Amino acid sequence: MSTSKEILDYVKNHPSGKVKLAVADIDGILRGKYVAAEKFASLVEGRLGFCDVTFGWDAGDLAYENGKYTGWHTGYPDAQVKIDLTTFRKIPWENDVPFFLGDFIDDQDQANYVCPRQLLKKVIAECESEGFSPLFAQEFEWFNFSETPETIQEKGFANLKPLSPGMFGYSILRSTYRNEFMSDLFELLNKFDIPIEGLHTETGPGVYEAAIKYAPALQAADQAILFKTAVKEIAYKHGILATFMAKISENLPGCSGHVHQSLWDADKKINLFYDEKDADNMSEIMKSYIAGQLHCLPYLLPMIAPTINSYKRLVEGAWAPTTVTWGIDNRTTALRALPGSKKASRLETRIVGSDTNPYLALSACLAAGMYGVKNKLKLEQPATKGNGYTDLSNGTLSRNLFEATQKMKNSDLAAALLGGDFVDHFTMTREWECKQFAKVVTDWELKRYLEII
């Protein structure tokens, strides 16, 4: 169904009489509601009023104390949301109820600077103005537990039962265990217009990994953010709780959200990262794109490692990068170049964790890469061969969220790439996250000090 009329007819005739709408907050959490089908018709022509506290509180619904965009000082009025009909989907686990995403806009119908989806649109438009079409995909690893929202609360988030025990990466055996869940994921996600190219068990108890088919960058981000929520909802149906935390335990591998990316011509027919005449089949555009990410991503790190927990994953020898490096098909570097063929030549940014907001992660990757392309940066840093954890030639990534946030907050480069208002708002939210963590007494501290000190 590609026309507005066909979509509206489907909504009007659906037996449920309702539509599900959602918007993305700064943490990549979908906030939304059901609305009556009759009301939806008027929203398409007009706007949906949605409380702007969406950008005035954190992931736990606790209001920021020093936000400028909204707060107690504004009275938390409604912000305006424009429904994007191109995001129309049917939710197969909800009797094919129609679903749509929306964008926050300001009073002049222009992009709202705090809206992550609008930020990605802005970065994409700048890329397309240079004659490029960005094609992206995000892949995810995540843990599954035989738990419910009630049981994890009752257990105090400790001693959770994994979906299956043991370290069974790429296991055909474990994909048969609780296969009804894995089969539902594959089938229902595809029906929900999230095309899954691969789904398998990853190393760790109850860990799965999925690769989503590449698409134009905005569509790829929509697919990624809907994937995370859809997995959680499908898991609920099976008495399973899914989590996309970056690091669930110091004794287990972390969970990635690697971003695959390439630039194509305006018609999306020629992969401009590929050059058959180059010794490594890497075009100058691809090399400049890599150079741009090496230069910029350290200043944008909170967008691809956004939580306190993100940095527990970015440790040596844990299948996540710690150094500002690149290599060809090297899984120990921050950037993994895969220049193998005309169709599949791409860059994989491995810093990104599964806990990311896809709109922000893709914005950071594309803006950083395009900085290199627009400025024709030369890839002077040689490819890392072997262990990337020991290659300190171009420095290391920030070790924690506070350090990374200060680097971004004080960066003229970040403001130039993303807009000063967005950077101010986003870094405020990350400082808030650090403040909330700083005052908490952790289990580690109790075990370490309670008796002996």
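The chain in this predicted model is divided into two domains, domain 1 spanning residues 4-112 and domain 2 spanning residues 127-444. Their C-alpha centres lie 26 Å apart. The two domains also touch: 26 residues of domain 1 are in contact with 25 residues of domain 2.

Let's look at what lies inside. The largest nonpolar core holds 124 residues, and those touching the most other members are Phe 40, Phe 100, Trp 142, Phe 227, Ile 290 and Leu 418. Helix 7, residues 217-237, is the biggest contributor to this core, giving 12 residues. The core draws on both parts of the chain, with at least three residues from each of domain 1 and domain 2. Apart from it lies another core, of five residues, among them Phe 143, Phe 145, Val 207 and Cys 255.

Phe 100 is a good place to step into domain 1, where you can follow strand 5, residues 97-105. Nine of the nine residues of this strand are buried, so strand 5 is largely enclosed by the rest of the structure. Both of its faces are covered. On one side sit Val 97, Phe 99, Leu 101, Asp 103 and Ile 105, and on the other Pro 98, Phe 100, Gly 102 and Phe 104.

Which strands pair with strand 5? Strand 1, residues 18-24, runs parallel to strand 5 and is joined to it by three bridges. Within that pairing, Lys 20 has Phe 99 as its bridge partner. Strand 4, residues 78-91, runs antiparallel to strand 5, and eight bridges join the two. Here Gln 80 stands opposite Ile 105.

Strand 4 and strand 5 form a hairpin with five residues between them. The turn is worth a closer look if you enjoy backbone angles. Most residues other than glycine have a negative phi. In this turn, however, Asn 95 has a positive phi of about 55°. Asp 96, found in the loop between strand 4 and strand 5, has a positive phi of about 60° although it is not a glycine. With a relative accessible area of 31%, Asp 96 is partly exposed.

Moving along the chain into domain 2, you will find another residue with this kind of backbone angle. Tyr 170 is not a glycine, yet its phi is positive, at about 55°. Tyr 170 is found in the loop between helix 4 (149-154) and helix 5 (172-176). Its relative accessibility is 60%, so Tyr 170 counts as exposed.

A little further on comes helix 6, residues 179-191, which contains Asp 184. This aspartate counts as partly exposed, at 25% relative accessibility. Setting aside neighbours within four places in sequence, Asp 184 is in contact with Leu 189, Ile 234 and His 238. The C-alpha atoms of Asp 184 and Lys 237 are separated by 9.8 Å, although these two residues are 53 residues apart along the chain.

After helix 6 you come to a second hairpin on this tour. Strand 7 (residues 196-201) and strand 8 (residues 207-212) pair in the antiparallel sense over five bridges. Leu 199 stands opposite Ala 210 in strand 8. Five residues lie between the two strands of this hairpin, and Gly 204 in the turn has a positive phi of about 130°.

Helix 8, residues 284-296, brings us back to the interior. Its 13 residues reach 18 Å from the first C-alpha to the last, close to the 18 Å expected at 1.5 Å a residue. The helix is mostly covered, with 10 of its 13 residues buried. Among the buried ones are Tyr 289, Ile 290, Leu 294 and Cys 296, along with the polar-named pair Lys 287 and Gln 293. Ile 290 has already appeared, as one of the residues touching the most other members of the largest nonpolar core.

Finally, a word on the cysteines. How many disulfides are there? A disulfide is a covalent bond between the sulfur atoms of two cysteines. With a cut-off of 2.5 Å between sulfur atoms, the count comes to zero. Cys 127 is in no disulfide, and the nearest cysteine sulfur, that of Cys 365, is 13 Å away. At 1% relative accessibility, Cys 127 counts as buried. For Cys 255, the closest cysteine sulfur is again in Cys 365, at 18 Å, too far for a bond. Cys 255 is buried too, with a relative accessible area of 2%.

How values were computed
Residues numbered from 1 in each chain as written. Predicted model: local features only at pLDDT ≥ 70, side-chain atom pairs only at ≥ 80, totals over all residues. Heavy atoms only, no water. Buried < 20%, exposed > 50% of the residue type's maximum accessible area, 1.4 Å probe, protein only. Helix = DSSP H or I, 4+ residues; strand = E, 2+ residues; numbered from the N terminus. Pairing = 2+ DSSP bridges. Core = buried A, V, L, I, M, F, W, Y, C linked by side-chain atoms within 4.5 Å. Domains from an automatic or database assignment. Expected span 1.5 Å × (residues − 1). Contact = heavy atoms within 4.5 Å.
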